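Me: Please take a close look at one part of this model for me. I would like a connected account that begins with a single residue and then widens to its surroundings.
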Amino acid sequence: MSLLELDGVKVHFPIKKGLLFDRTVGHVYAVDGISLKVEAGQTYGLVGESGCGKTTLGRSVLRLVDITEGSVVLDGTDLAKLPGEEMRRFRRRLQMVFQDPLGSLNPRQNIESILSEGMVAHGIGKDQEERREKIKSILDKVGLPSNALSRYPHEFSGGQRQRIGIARALVLEPDVIICDEPVSALDVSVQAQVINLLEELQEELGLTYLVIAHDLAVVRHISDTIGVMYLGSLVEEAPSDALYAEPKHPYTKALMSAVPVPDPEVEDQRERILLIGDLPSPANPPSGCRFHTRCPWAQAERCSTERPQLRDVGGGHRVACHFADEIAAGTLARTTGEVVPATREGVEDAPVSEELAAATVPEQAGPPEQESTKAETAEKTDAAEPAEKAEAAVEAAGQAEQAEKAASAGKPGEAAEAPEPEGAEAPEPEDEEAGQAEEAEKAEKAEKADEAGKADKAV
Ligand SMILES: Nc1ncnc2c1ncn2[C@@H]1O[C@H](COP(=O)(O)OP(=O)(O)OP(=O)(O)O)[C@@H](O)[C@H]1O
Ligand code: SF4
Ligand SMILES: [Mg+2]
């Protein structure tokens with residue numbers, strides 16, 4: 001039996017209407033029948049578009065939202081059925097690390113107080129002295145000095161705050177940690193450090209993670225198994241390598257088709273699948289296969305009427321698509337959508353990272369928090385990465401950096417509104433060459449903005 005098992009979990013939020021008497025006029029089908037297993041000591045990565053229900057699923061595991069239907073079994077105990085007091089005790093074994101490290105730490109409490117709170121609630125440590133010693137050893141594990149105890153959250157950088165968030169989870173000695181977008185609010189250079197820290201802690205303490213992210217690069221780096229979510233359901237699940245080597249669901253294929261390949265020859269052959277339309281509303285999901293309104297392979301009758309179940313197609317690879325086998329064999333023709341070649345020229349002309357931006361599942365949240373405090377400078381230099389992690393850290397940081405650059409390149413409005421260099425509006429007649437160069441530069445910018453617009457439309 002797996003350490004954590006979700007079976008048919010549904011979370012439907014009622015939509016209420018009426019001034020005096022609340023009437024339920026519909027539901028938001030945020031999570032709509034998810035079954036997955038997380039093995040002890042492993043990491044399950046969950047990816048999906050903004051609003052597809054990732055956070056709601058994570059919160060439902062901790063019973064922070066009511067589960068409409070289904071079971072969440074931790075180590076043989078169904079949490080969905082536990083009475084309140086017992087569930088409170090069980091929460092020690094399930095901890096959450098949040099996306100916004102500052103927002104999740106009380107600004108009026110110092111670090112010792114923040115970290116002691118949960119320990120007191122769960123009766124860990126016989127007195128404050130013992131708790132303090134434990135906190136100091138955990139702070140050391142997450143790479144923070146023991147003098148951090150008397151400081152307040154605002155005195156730390158974003159990366160350090162996330163380390164505090166991880167320490168807060170660790171002091172309770174949990175079995176499973178749910179990391180909800182653990183690095184997406186962090187400076188790109190700090191993202192790899194936090195990911196590596198999570199991996200090191202997992203190795204040392206035998207932790208089990210459910211990592212939620214919209215960034216395929218982050219999830220790939222850390223996960224043993226990856227689940228891809230679309231509109232409240234899992235559409236594909238596979239061991240990390242298998243999913244990246246051969247995605248089988250059209251949605252995953254479209255996401256992966258946007259990831260550049262380092263081999264120039266393979267890159268020349270690569271095609272990008274551009275999806276049409278936006279994510280439908282979870283309050284009014286499409287009938288049949290929820291992806292049929294955007295699927296390039298959707299088949300008239302069956303896809304719009306019959307909902308595909310997640311089925312095993314071999315090697316632990318599960319796919320929710322009626323036609324996964326035909327699509328893999330190349331015997332089913334595409335009916336909609338656009339496929340464009342991802343040529344080397346395109347990759348070089350537009351920023352390379354445009355491809356990665358498309359590979360990052362769209363997020364509604366604002367741009368990543370930028371930190372430039374002294375504390376952060378210390379953060380960037382203090383963590384001594386073990387040699388074997390260094391290479392992976394560089395790779396992840398590079399990918400993340402490319403993705404961030406691409407995020408700004410991917411906003412056509414901004415690109416078009418970028419301030420012109422001084423004198424660009426009225427070139428001097430005698431400086432004809434310079435004028436022509438500027439004209440060419442403008443044309444190139446317009447072209448890039450157009451390209452970026454296309455990238456935005458891609459998944
Ligand atoms: N308490 C709530 N009441 C009503 N609707 C909710 C509630 N919480 C979430 N939702 C809705 O459920 C859907 C899923 O939200 P959720 O936050 O789980 O998405 P997400 O995948 O985590 O998105 P993001 O990547 O932006 O964090 C959204 O449409 C959201 O508006
Ligand atoms: S079931 Fe049909 S619409 Fe859904 S993913 Fe497969 S081909 Fe596309
Ligand atoms: Mg979320």
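Why does R163 count as buried?

Reply: This is a predicted model, in which local features need pLDDT (the predictor's confidence in each residue, from 0 to 100) of at least 70 and side-chain atom pairs count only at pLDDT 80 or more, while totals for chains, interfaces and linings use all residues. Residues are numbered from 1 along each chain as its sequence is written, with chains lettered from A and ligands numbered from 1 in the order in which they are written.

R163 counts as buried because 26 other C-beta atoms lie within 10 Å (20 or more within 10 Å of a residue's own C-beta make it buried, 12 or fewer exposed, and anything in between partly exposed, with C-beta atoms placed from the backbone). The residue sits in helix α5, which spans residues 158-170 (helices are DSSP runs of H or I with at least four residues, strands runs of E with at least two, numbered from the N terminus). Leaving aside residues up to four places away in sequence, R163 touches V142, G143, L144 and L197 (contact means C-beta atoms, placed from the backbone, within 7 Å). Of these, L144 is 19 residues from R163 in sequence, with 7.6 Å between their C-alpha atoms.

Burial also marks helix α1, residues 54-61, where 6 of the 8 residues are buried, namely K54, T55, L57, G58, S60 and V61. Just after α1, R63 adopts a positive phi of about 60 degrees. The helix also helps to surround ligand 1, giving the most to that shell with 3 residues, and β2 (23-38) likewise supplies at least two. The shell holds 15 residues, the closest being F13, A30, S50, T55 and T56 (a residue is near if its C-beta atom, placed from the backbone, lies within 6 Å). By class, 5 are nonpolar, 8 polar and 2 charged (Ala, Val, Leu, Ile, Met, Phe, Trp, Tyr, Cys and Pro count as nonpolar, Asp, Glu, Lys and Arg as charged, and the others, Gly among them, as polar).

Around ligand 2 there are 13 residues, of which C289, H292, C295, C303 and C321 come nearest, and this shell divides into 10 nonpolar, 3 polar and no charged.

As for confidence, the protein chain has a mean pLDDT of 79, with 73% of its residues at 70 or more; the mean is highest in strand β10 (residues 233-239), at 97, and lowest in helix α17 (residues 412-417), at 37. Over residues 363-434 the pLDDT is below 50, although this stretch has 103 contacts in the model beyond near neighbours in sequence. Where pLDDT is low, the predicted coordinates should not be read in detail.

Technical notes
Two residues are in contact if their C-beta atoms, placed from the backbone, lie within 7 Å.
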